[in-house]
Amino acid sequence: MPAVSKGDGMRGLAVFISDIRNCKSKEAEIKRINKELANIRSKFKGDKALDGYSKKKYVCKLLFIFLLGHDIDFGHMEAVNLLSSNKYTEKQIGYLFISVLVNSNSELIRLINNAIKNDLASRNPTFMCLALHCIANVGSREMGEAFAADIPRILVAGDSMDSVKQSAALCLLRLYKASPDLVPMGEWTARVVHLLNDQHMGVVTAAVSLITCLCKKNPDDFKTCVSLAVSRLSRIVSSASTDLQDYTYYFVPAPWLSVKLLRLLQCYPPPEDAAVKGRLVECLETVLNKAQEPPKSKKVQHSNAKNAILFETISLIIHYDSEPNLLVRACNQLGQFLQHRETNLRYLALESMCTLASSEFSHEAVKTHIDTVINALKTERDVSVRQRAADLLYAMCDRSNAKQIVSEMLRYLETADYAIREEIVLKVAILAEKYAVDYSWYVDTILNLIRIAGDYVSEEVWYRVLQIVTNRDDVQGYAAKTVFEALQAPACHENMVKVGGYILGEFGNLIAGDPRSSPPVQFSLLHSKFHLCSVATRALLLSTYIKFINLFPETKATIQGVLRAGSQLRNADVELQQRAVEYLTLSSVASTDVLATVLEEMPPFPERESSILAKLKRKKGPGAGSALDDSRRDPSSHDINGGVEPTPSTVSTPSPSADLLGLRAAPPPAAPPAPSGAGNLLVDVFSDSPAAQPGLGPSPEEAFLSAGPEDIGPPIPEADELLNKFVCRNNGVLFENQLLQIGVKSEFRQNLGRMYLFYGNKTSVQFQNFSPTVVHPGDLQTHILSAWPSPAPPGSTPMIPVPRPVTWPLRALHSLR
Amino acid sequence: MGDGWAHVQNRAGKTRLAKWYMQFDDDEKQKLIEEVHAVVTVRDAKHTNFVEFRNFKIIYRRYAGLYFCICVDVNDNNLAYLEAIHNFVEVLNEYFHNVCELDLVFNFYKVYTVVDEMFLAGEIRETSQTKVLKQLLMLQSLE
């Protein structure tokens, strides 16, 4: 029986709700609602003023109708009127209505703010809380402007009631999140930190949330909170269960507050003061110890509350990454959870262990659980748990277990959810390359990837295998043989045809001696797939065919016949037609020497950062590279031809065969190395930005020397393509490397031009002392940025506007050419 | 950090309570609730109580015919929020004397008061059931 409490019966409301529930159809419901709306409308417009009770009832009905999903376009005025009542129940409904149906009418806003102001000044804690809750629920800019200065005062005032402080703290949090500029730091910050010592745990709880948010942007203002947080946490963790009566939940003392304190501590590095640090470490050890004790209750609430604290403790230990003993203990505790009967705990343990895997102190400990994790991958019934297991395998992979992990992940791939396949493919490709000792294993792995999940093998992956095979003589024959066999499968994926086509084109001669893979056999195998493939693949195959003519003169006639066919020479696709025509002519006109020179085997590719890793990072965000970033774990890092490490330390010098014109040859589309600025005149001409030198040369390095511990990598492979497009466009990405993306937007009118430069931070740390320099030749007048207003937010989506356009007359632009 | 929103829905998809801590348009809100409903109603005991959803995660638990869902940041503490839900439900249970779905329907305006006592601005405000109930009873006695 629904409880209709004494005090504010509102029987009319209950009757109305019953009527609605008894409606047999949607139409009946709408009819009943419209009837009521008409009734309320007439009552609101009526001659005699409604009494507070009736107004409250009708406003409440309107609210109910709105929550059912119908639009309400009146009632706001009446709701605002309720705010000035001195009866709690009427005020409450008024505030509730305007919180839920936020209105942007400025007159109403003024009235609402007035009412709030009165309630805040009323010294009645119940009314003050209603007002504070309204501000916290709405959090509009207008409210911020009106009240942002008052809330801190209320929060730290000595005579504010506890409940008011709680609400004020969180209200301030909301305003700060919505409009940080309206809440400047001030005297009150120190007093807020001291709220951590308040005797009312609810006040402390609210204060911790506020401080955690504020300290992210203003760490120095709040750093005194660390020692207070440690003491508080320490007192809670070591308290007997009778100490915190009201705040003990299923025999766990103040679980939520403990979790919040632990999160606050994660905003700062480990405490420098030895006493504070000692106390904290003791506290963390106590939590870990308690996890081993027999539980005080069998209820799941007890274990969840206890484990909530435990997991947050482990997060803090991982964040500090400085106490080997604690890290190993954490790892062992998580290891126990891996086989817990509760799915929640297994999931959380897998997730947490993933982060532990990248710490040098605990990496080995994590690896000991490999069998359990592999088992989880195979047997867990919740797909999200399986995915965590896959993530953990990736994170714990190193030389010792790479083969095992890669083969398990391949097996997992066969039945994985489509949504996650691409990510798994990227990860397997990265692991296979990173830990390959024997490159034939690497080739097998990639071909397996194509076979199992061909649709999800992106270009980066198969370009990579081609680069590697090209660079390693010892695996070329194996690759040719394996790819040949793979192509014989009746239904092979188009990516296999691409890879196979390229490899046979380059290295088919290595298996031509065997009659089973003689040149005519190779050709007819490839050609049997030709008509099934997309245009891009067919283009690649045509290139393979001309290479065959060079490698295997005995096939010349057959292949020329194919090229000569109408379907090639008059192909609707321009690229195919052009290739057919040109290759045919080349094969007829060129002497064997010329042909052999033109179609010489591709030289080794110069090293650059694996674009696969870059792609994975883009997919997953800055934390993705954890498996590979830690070179401490892998001192004898294996590499191909100069290092495939994700943190190359030099801008790659252009190799002799560098494509100086920046024009891509036919496959492989792997980018030629970035030419230095001086050597690439074409790039200069097309770059109409006097600022940031065409971003491919050493100068970005100079500008960014203070960029941080990471070495600046070479620009991404697509860098030269980025510049080429400015031939026809005024806007776009000008330069990009691992750390930074620079975009440019320019507009021109008559004799004036204006250019905006956008700098995007691609890392997970803030840029400090970022000072872009605009260098202009000659007598151009520009403004030079001396200081960046605030460090670029980490991992920001690029395109943060720099608010200083550079304008100069167009004729001066011409002088750049 | 903190909640994006919280809602209570029955199995049929009717929303019994929705509290938004971020800005969304009305149609966005409806869409989000429908999507979450679709995701949680197909899960059972072998699944976890956590679901990745867009760039958030949903912590949820089913009580009889009602799903209580909180949408939080991916870095938030799953178990802490799971128990925050339970804490809230226990308070409702005390306050409405063995709460059932109808209580939430007929007393919807009071449920918001309970919510605001325990959660505000997307954060946990008060966790002591004793204190919350004491406050609620006091408010109930007011005119």
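This short talk walks through a predicted model with a chain A and a chain B, from confidence to the contact and then to single residues.

A word on conventions: residues are numbered from 1 along each chain as its sequence is written, and chains are lettered from A, with ligands numbered from 1, in the order in which they are written. Since the model is predicted, local features need pLDDT of at least 70 and side-chain atom pairs count only at pLDDT 80 or more, while totals for chains, interfaces and linings use all residues, and side-chain values use heavy atoms, with hydrogens and water left out.

Let me begin with confidence, given as pLDDT, the predictor's confidence in each residue, from 0 to 100. Chain A has a mean pLDDT of 81, and 81% of its residues reach 70 or more. Its secondary structure comes to 39 helices and six strands, where helices (H or I, at least four residues) and strands (E, at least two) are DSSP runs, numbered from the N terminus. Among these elements of chain A, helix α14 (residues 255-265) has the highest mean pLDDT, 97, and helix α37 (residues 699-703) the lowest, 33. pLDDT also stays under 50 over residues 1-7 of chain A and over residues 795-817 of chain A. Where pLDDT is low, the predicted coordinates should not be read in detail.

As for burial, 55% of the 817 residues of chain A count as buried, which is to say under 20% relative accessible area, with exposed meaning over 50% and partly exposed in between (1.4 Å probe, protein chains only).

Now to the place where the chains meet. Taking contact as heavy atoms within 4.5 Å, 69 residues from chain A and 54 residues from chain B take part. The area buried between chain B and chain A is about 5,500 Å², of which carbon and sulfur atoms give 55%; buried area here is the accessible area (1.4 Å probe) that two parts lose on being put together, summed over both. The rule finds four salt bridges across this interface, a salt bridge being a side-chain nitrogen of Lys or Arg within 4 Å of a carboxyl oxygen of Asp or Glu. A:Arg263 and B:Asp76 meet in a salt bridge, at 2.6 Å from N to O. On the side of chain B that touches chain A, α2(B) gives the most, with nine residues.

Which residues does B:Asn49 touch, leaving aside those up to four places away in sequence? They are A:Asn344, B:Ile58, B:Ile59, B:Tyr60, B:Arg61 and B:Leu82. B:Asn49 sits in the loop between α1 (26-40) and β3 of chain B, and at 16% relative accessibility B:Asn49 counts as buried.

Over all chains the structure holds 41 salt bridges. In one of them, A:Lys61 pairs with A:Glu36, the closest N and O atoms being 3.0 Å apart. That pair links helix α3 (residues 52-68) and helix α2 (residues 26-45) of chain A, the two residues being 25 residues apart. Both count as buried, A:Lys61 at 7% relative accessibility and A:Glu36 at 4%.

In chain B, the side chains of B:Glu101 and B:Arg16 meet in a salt bridge at 2.8 Å, N to O. B:Glu101 lies in helix α3 of chain B and B:Arg16 in strand β2 of chain B, so the pair ties together parts that are 85 residues apart in sequence.

Finally, A:Glu351, A:Arg388, A:Asp391, A:Glu423, A:Lys427 and B:Glu52 are linked in a network of salt bridges.
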